[in-house]
Amino acid sequence: MSIAVLDFGGQYAHLIANRIRRLHAYARICSPRVSLDELKGVRGLILSGGPSSVYDPAQPPYNPALFDAGLPILGLCYGHQLLCQHLGGQVEPGRTREFGAARLQVAKGEGVLKDLGPEERVWMSHQDTVSRLPEGFEVLGSTDDCAMAAVYDPARRIYGLQFHPEVSHTVKGMAILENFVALCGCPRDWTMEHYLEEQAEQIKKQTAGRKVFLLVSGGVDSSVAFLMLNRILGEDRVLGLHIDNGFMRHNETALVRRLLADSGFANLHVVDASAEFLAAVEGIVEPEEKRRRIGAQFLHTRDRALAELKLDPEEWLLGQGTLYTDTIESGGTAHAAVIKTHHNRVDLIEKLLAEGKVVEPLAQLYKDEARELGEQLGLPHHLVWRHPFPGPGLAVRALCSDGQADWQGVEAAQDQASQIAARFGLQVEILPLRSVGVQGDGRTYAHPALVWGEADWPALEELSTELTNALPQINRVVYLLGPVPRPAQRLKEAHLTRQRLDLLRQADSLAMEALERHGLMQEVTQMPTVLVPLSSDGIQESVVLRPISTDDFMTARFSALPPAFVGEICRQLLAVAGIEAVFYDITHKPPGTVEWE
Ligand code: XMP
């Protein structure tokens with residue numbers, strides 16, 4: 001028995017399913033055109049948000065019979081507008097625009113709003129608004145700008161919410177979803193064991209007797225996928241391929257071998273392809289180009305390994321530990337924009353996917369679910385809880401440059417940035433390089449601003465938000481940790497070389513050890529260390545620490561770490577030959593992504 005989430009193309013449709021599964025009820029994603037026959041065993045429907053307007057001629061088609069099936073329905077954002085319009089109400093296009101936090105006044109604490117306080121913080125993102133309710137509907141709650149923010153028809157058990165209970169910024173969001181699951185009478189006994197059973201059936205069907213050659217980086221996702229496939233298909237039909245691409249962390253390959261051997265599986269083949277990977281990105285500065293080349297190189301290296309091992313490519317499908325977030329950020333669902341092309345979503349792989357030749361047992365899951373599965377499969381705890389590491393590794397953390405500062409449109413912004421920073425008693429300089437960000441659901445490639453002076457974390461957070469909101473030229477803000485005073489720096493020409501990668505590897509390793517020593521490893525979700533070619537002498541470079549905390553990686557906060565840690569790691573990094581300055585990234589996601597490229 002399950003809840004069906006009808007995907008109208010919203011960024012958060014899969015997050016709704018993730019949240020329902022966290023409540024131990026089973027949720028599956030369906031097309032809005034799903035037939036009633038396919039909904040056997042479904043106890044309730046959730047209509048997701050989506051980028052369309054109900055007046056858009058291109059709105060996703062849906063099966064109107066769904067509204068007459070007698071199932072409880074919860075419509076969210078676009079789903080709320082759609083159900084109100086479909087049932088005879090009215091939606092006003094573009095009347096009210098509300099983005100971000102809003103206060104919901106709860107008029108009636110019942111149905112999905114049961115046990116909520118009189119006022120709750122919710123998260124809005126809409127332009128159209130319901131202006132007249134269908135017959136039989138009543139208002140449960142409203143915000144200043146939205147009179148019909150929560151509505152219901154008690155007789156038919158149909159609910160509509162203009163806000164998003166599935167995002168963590170809606171403080172009582174989980175309680176709202178829990179109320180819905182309860183009123184559907186959906187059992188709360190679903191576990192990851194059920195997911196394993198379902199995947200086992202699906203993977204056996206997909207592979208149809210063939211075998212899987214799985215790329216195993218040693219991160220939690222691919223390791224979980226490796227164990228899962230071993231369990232489902234048996235060791236004879238699975239071979240793991242660990243590629244040392246030269247962009248790995250310090251001693252990574254040895255560690256991966258050991259950790260996976262501890263899990264009891266020896267069917268792992270290791271190749272050193274660092275020279276070919278380095279050659280593939282030689283001279284490349286643009287991040288997406290780097291990502292595409294690295295993604296393609298993974299496949300070339302896999303093909304070479306197949307040939308060397310004399311394995312028939314027709315018999316061995318490609319296996320990957322792709323998560324749902326990899327797909328959505330790579331623009332892999334119907335309406336989503338490309339933020340970054342993840343290494344497991346480059347064109348060559350998309351082609352294989354379309355041909356049904358890629359096995360991805362985790363493709364519907366988020367990181368927290370992959371970890372839960374890992375624990376269940378007996379993966380060593382240390383491996384399950386390691387910080388995530390991107391497939392292209394240090395290659396997307398070592399910024400490259402042809403040495404030509406890119407100042408287009410920046411001079412004008414510098415004065416304004418200085419005025420904003422002056423209000424905080426700080427100085428600021430827009431840096432002559434760019435990094436990737438995510439703003440308004442789209443990709444940006446803009447400048448980081450460096451701020452310096454005496455300040456505490458709350459002031460820095462405020463300044464960072466103000467700078468990135470006020471100036472489109474800036475999508476990221478870093479704070480100078482040292483040295484003070486700041487050296488005058490310029491952009492230097494820099495490409496991906498073994499020497500630079502070794503320097504970054506050393507810095508990353510120091511940063512990770514310091515986190516461990518200060519007991520902060522689980523405090524932050526991830527802390528990339530980034531090498532940026534800013535230099536006062538044309539030789540040395542700068543590094544950025546990027547500690548963040550998040551539970552779904554779609555949004556993240558920068559972590560404000562204790563001064564003892566920050567002071568110590570700054571001193572250690574400055575003592576490394578080749579590093580002359582240390583910055584601390586004080587940008588949330590959005591506007592900045594976790595990785596700089
Ligand atoms: P961003 O930078 O998009 O990162 O905010 C979100 C999470 O995704 C990881 N990441 C990747 N993981 N292949 C991966 O397996 C990739 O190409 C890739 N790019 C980013 C990133 O480390 C963070 O955890």
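# A walk through three domains

Domain 2 and domain 3 bury about 2300 Å² between them, and 63% of that area is on carbon and sulfur atoms. Before you start clicking, keep in mind that this is a predicted model.

**Stop 1: the domains.** Colour the chain in three pieces: domain 1 is 2-184, domain 2 is 192-391 and domain 3 is 401-585. Now look at where domain 2 meets domain 3. Their centres, taken over C-alpha atoms, are 30 Å apart. Domain 2 puts 30 residues into the contact, and domain 3 puts in 27.

Which three residues supply the most of the area that domain 2 buries against domain 3? Select Leu278, Ile339 and His387: together they account for 26% of it. Next, show helix 7 (274-280), helix 8 (287-308) and helix 9 (324-329), the elements that each give two or more residues to this side of domain 2. Colour that side by class and you get 17 nonpolar, six polar and seven charged residues. What about links across the boundary? There are zero salt bridges between domain 2 and domain 3, but six residue pairs are in polar contact across the interface.

**Stop 2: helix 1.** Select residues 13-22. Nine of the 10 residues in this helix are buried, so the rest of the structure largely encloses helix 1. The buried ones are Ala13, His14, Leu15, Ile16, Ala17, Asn18, Arg19, Ile20 and Arg21.

Step past the end of the helix to His24, in the loop between helix 1 and strand 2. Its phi is near 65°, a positive value in a residue that isn't glycine. That's worth a pause, because most residues other than glycine have a negative phi. His24 is partly exposed, at 34% relative accessibility.

Want another one? Jump to Ala208, in the loop between helix 4 (192-207) and strand 12 (211-215). Ala208 also isn't a glycine, and has a positive phi of about 40°. With a relative accessible area of 58%, Ala208 is exposed.

**Stop 3: Val34.** You'll find Val34 in the loop between strand 2 (26-30) and strand 3 (42-47). Is Val34 buried or exposed? Buried, because its relative accessible area is 6%. Show its contacts beyond four places in sequence: Leu6, Leu39, Asn63 and Leu66. For a sense of scale, draw a distance from the C-alpha atom of Val34 to that of Val532, 498 residues along the chain; the line spans 50 Å.

**Stop 4: Lys367.** Go to helix 11 (residues 367-377), where Lys367 sits. Lys367 is buried, with a relative accessible area of 9%. What does its side chain make a polar contact with? Turn on the side chain of Asp221, 3.0 Å away. Leaving out neighbours within four places in sequence, Lys367 is also in contact with Val220, Leu323, Pro388 and Phe553, among others.

**Stop 5: two cis bonds.** Zoom in on the loop between strand 20 (474-482) and strand 21 (490-491), where Pro483 lies. A cis peptide bond joins Gly482 and Pro483, with omega about 0°. Pro485 lies in the loop between strand 20 and strand 21 too, and the peptide bond from Val484 to Pro485 is cis, with omega near 0°. Most peptide bonds are trans.

**Last stop: Glu597.** Finish in the segment after strand 27 (579-585), at Glu597. Glu597 counts as buried, because its relative accessibility is 2%. Select what Glu597 touches beyond four places in sequence, including Val285, Lys290, Arg291, Lys340, Cys400 and Val436.

Note on methods:
Residues are numbered from 1 along each chain as its sequence is written. This is a predicted model: local features need pLDDT of at least 70, side-chain atom pairs count only at pLDDT 80 or more; totals for chains, interfaces and linings use all residues. Side-chain values use heavy atoms; hydrogens and water are left out. Domain bounds come from an automatic or database domain assignment. Contact means heavy atoms within 4.5 Å. Buried area is the accessible area (1.4 Å probe) that two parts lose on being put together, summed over both. A salt bridge is a side-chain nitrogen of Lys or Arg within 4 Å of a carboxyl oxygen of Asp or Glu. A polar contact is a pair of N or O atoms within 3.5 Å; within protein, one must be able to donate a hydrogen and the other to accept it, and residues adjacent in sequence count only if both atoms are side-chain atoms. Helices (H or I, at least four residues) and strands (E, at least two) are DSSP runs, numbered from the N terminus. Ala, Val, Leu, Ile, Met, Phe, Trp, Tyr, Cys and Pro count as nonpolar, Asp, Glu, Lys and Arg as charged, and the others, Gly among them, as polar. Buried means under 20% relative accessible area, exposed over 50%, partly exposed in between (1.4 Å probe, protein chains only).
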